[in-house]
Amino acid sequence: MANETSASEQDRAVIAPDFRVLFESVPGLYLVLLPDNPIFTIVAVSDAYAAATMTKRREILGQGLFEVFPDNPADPDATGVHNLHASLLRVLKKRAPDAMPVQKYDIRRPMSEGGGFEERYWSPVNSPVIGEAGYIEYIIHRVEDVTEFVRLQKAEVEQDKLTDELRIRTRQMEAELFLRGRQLADARELIAERTRAEEALRESEQQLRNLADSIPQLTWMAEPNGDIFWYNQRWYEFTGTTPEQMAGWGWQSVHDPEMLREVLERWKASLQTGTPFEMEFPLRSADGVFRWFLTRVTPFRNGRGQLVRWFGTNTDIDELRRAREEREALLKREQEARSAAELLNRLGPLLLTELDLNRLVQSVTDLATELTGAELGAFSYNVVDEKGETHPLYSVSGAPREAFDDFPMPRNMAVFGPTFHGQGIVRSDDITKDSRYGHNPPHHDMPKGRLPVCSYLAVPVTSRSAEVLGGLFFGHSAPARFTRRHEAIVTGIAAHAGIAMDNARLFEEIRRAQRELQAANEELRRANIDLEQFAYSASHDLKEPLRNVAIYSEMIGRKCSNALDAQAQEFLGQLVQSARRMDSLVNDLLAFTRAGGPSGEERQRTSASEVLESVIANLSTTIAELHAEISHAALPDVRIRRIHLEQLFQNLISNALKYRSNQPPQIHVAAHVQEESWLFSVTDNGIGIPSEYQERIFGIFKRLHTADQYPGTGIGLAICKRIVERYHGRIWVESQPGHGATFFFTLPV
Amino acid sequence: MEPHSSSHSRSEVSGQPGQLHVLLVEDNKADIFVVQEAFTNYEIPAVLHVVEDGEAAMRFIDDADQDEDAPCPILVLLDLNLPKRSGTEVLAYLRRSKKCARAKVLVVTSSNSPTDRAATQQLGANGYFLKPPSYDEFLKIGEIVLNTLNDMSGNG
């Protein structure tokens, strides 16, 4: 292999550092294995690897991989050996690197540290090293200890799934980048270790380049002073440049001019301090499009610690970065949505419960202003004065009310037209440039002192009946502050606010109507009391002279009987009769008056049987005289003033006694429950009522007989009707002349 | 028809120890006549004093309070519709009297208003007699007065 192609010769000479030392001291965790399946003899190990696995180099070199790292016998689910073996077999078969998913692979603790196994997680990559002859000569096993990460991950159960996935992907990708970026160095070290001959070195150099050309990263090597002397093929393919263009510091031509300064600063700083360089920046591709790369540059030192080479990789992270940006945007949106949702959650109950219109409107304005991030917000009623100009501001948020005095927002300007006419939403990134703005005579341009509004959003608030109640207006001094999302939020709020305002307005109307009704009721009640009092006074004043007429007439009859002849005595008798009848009329008229009027406040539960008993007691004398029998079934309690039920029974039973046949009166009172009322019946065995008069008898002063035949005022049944109707009941009679009569009336249950 | 003159009645009876006094406050001549008839018919053992308006009734009470010898009624028959001061005012005045506050009061009226009934009951009226439109019926007030006086002497 010494006589390789002259191309190798033409390349720059490679300084041959002590690769074994280099390899063993690299910061990564590396094992070099022989492809002697199934033993996989360990032929090299980095210090870091030995430390991480708690092994010693001299103890494991020459040992089989799985002898050194068996499965944890205490873990029945251990799959480490199986998975690793499978990966190594894939490498052998496919002759290509094989990255394994994160593995649980517990490691044996030395006896000096108590023995047993320690739980570990690894991210391994196995890569073949293919020799000149085309055989796999070694397998580089590179791992990263991700135990901490996995533990962390396990602890963060609640963590957003998206975050996890992205993190793992990023982690894997980075692990991949690191590994591949270092493979070159590894390869070189291995080669150097195998043979120190320059030919072999050149051969390995070629091998290295082949390898470097075969990986997806752009890679390059630079002198300690930063002069890049070699790029892999991918670099030239991606950038579409030639080695001549790239020589030395020619790489600057594919950088984004805006980023270049920072790149140079940081790269020079690394060169000066000899520390690794890491940065993300875009590189221009052959077709002129910039793609983002993660660039890592590692310094390599010889055994004496001298920096001998910079090794750089550029990994295409354009998609990763885009995913990251998308995720950040997503997170931001989600956060906004969450805070919006919080505000809306506050708004929800408010809209449902707030029936005070002023407070409701203010709250809606405040919340919507907060949600849109507006500097000022206002709700304005859809009211136009006689001049057709002003919409009075109803509530403002974010600015004192006075600030709106010179503010044209509530004016009936062309720009507000669409909102107040319910035509829709107006959203403008810069309202001052809107053609509708400033068309409001006499202010053809912006008046002085106004709030500086640039971004503008207006949404009509409509009622259920599509009536425009007003508008929500939002302003911000910076342009383009309101997005489609804000528009959607405010539209949602406006829809709900419209309903809530409807409710509040209805509630206010109902309250007003209730107040009016209450006032009217109170007035009516007072009027009724006045009227009743008046009726008493009037009846008293009417009755006094009548009583005098009656009493004086009687006294004349008694005291002066000697001076009167029979005819005079009879006339005096008629006079007394008339006066008494008039007295009865006045009494009954008073009762009739009292039977009317509004019902309601005086409704109480009255025992019908008690009332009937007291009425029977009142009439006991007459009942005894007539040998009448009055019986009754079980009677209910009813909602009626006691005096009214008394009058009902008194009149009906008096009538039954009065209009008796030649039989002793038999009267029966009963009650049956109906749908929503009690049906009372008073049945007698009296003279009965011809059907043609059965309605007329309930009219006032309607009588079927002369006072001589049956004394009475003709008011009794009218009083009954009035009382029953006062309680929304009905009264009627069923009768056949000569067969008695049954009076029915209904009362509420 | 002079016997209802209050001054006359008082002079006749003043100074007689153990004598019972009834005061009728009434402006209706016919009603005064009937009550006097009732006192005679039922042989009521008390002197009937009559005043015809509310103010006179209050003066009667004042006299009783201030004058040792002036009669103090144990029963007042009180009409409500009176000239000058109403029956309810007289009733309230009576209940504040030093000497006559414990007198029984029978309201005698043609008003059947529940308001009047309630108001007088509230002020401590002991009975309510609704004037009937009949001489004979009205005379029965004598029975009520007699029963009341008997009850009072019976109770000591």
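Of the contacts in chain B with a separation of 6 or more, what percentage comes from residues 24 or more positions apart? The answer is 70%. Keep in mind as you look around that this is a predicted model.

Let's stay with chain B for a moment. Its secondary structure adds up to seven helices and five strands. Walk along from the N terminus and you meet them as α-β-α-β-α-β-α-β-α-β-α-α. Chain B has 156 residues, and 50% of them are buried. On the outside, about 7400 Å² of chain B is exposed, with carbon and sulfur atoms supplying 46% of that area.

Now swing over to chain A and find the open sheet of five strands. Reading across, the order is S10-S9-S13-S12-S11, and the pairing is antiparallel. At the edges sit strand S10 (228–231) and strand S11 (277–284) of chain A, each of which pairs on one side only. Neighbouring strands in this sheet are turned against each other by 25 degrees on average, ignoring direction.

Zoom in on the S11 edge. Its partner is strand S12 (residues 290–301) of chain A; the two run antiparallel and are joined by eight bridges. For a landmark, pick out Glu280(A), which stands opposite Leu294(A) in S12(A).

Finally, look at what lies across these strands. Helix H12 (residues 257–273) of chain A lies across strand S9 (218–222), S11, S12 and strand S13 (307–316) of chain A. Compare directions and you'll see that H12 of chain A runs at about 145 degrees to S11(A).

Terms used:
Residues are numbered from 1 along each chain as its sequence is written. Chains are lettered from A and ligands numbered from 1 in the order in which they are written. This is a predicted model: local features need pLDDT of at least 70, side-chain atom pairs count only at pLDDT 80 or more; totals for chains, interfaces and linings use all residues. Side-chain values use heavy atoms; hydrogens and water are left out. Two strands pair if DSSP finds at least two bridges between them. Helices (H or I, at least four residues) and strands (E, at least two) are DSSP runs, numbered from the N terminus. Axes are lines fitted to C-alpha atoms, for helices over the stretch in contact, and angles run from 0 to 180 degrees between N-to-C directions. Contact means heavy atoms within 4.5 Å. Buried means under 20% relative accessible area, exposed over 50%, partly exposed in between (1.4 Å probe, protein chains only). Accessible areas come from the Shrake-Rupley method with a 1.4 Å probe; for residues, only the protein chains shown count as cover.
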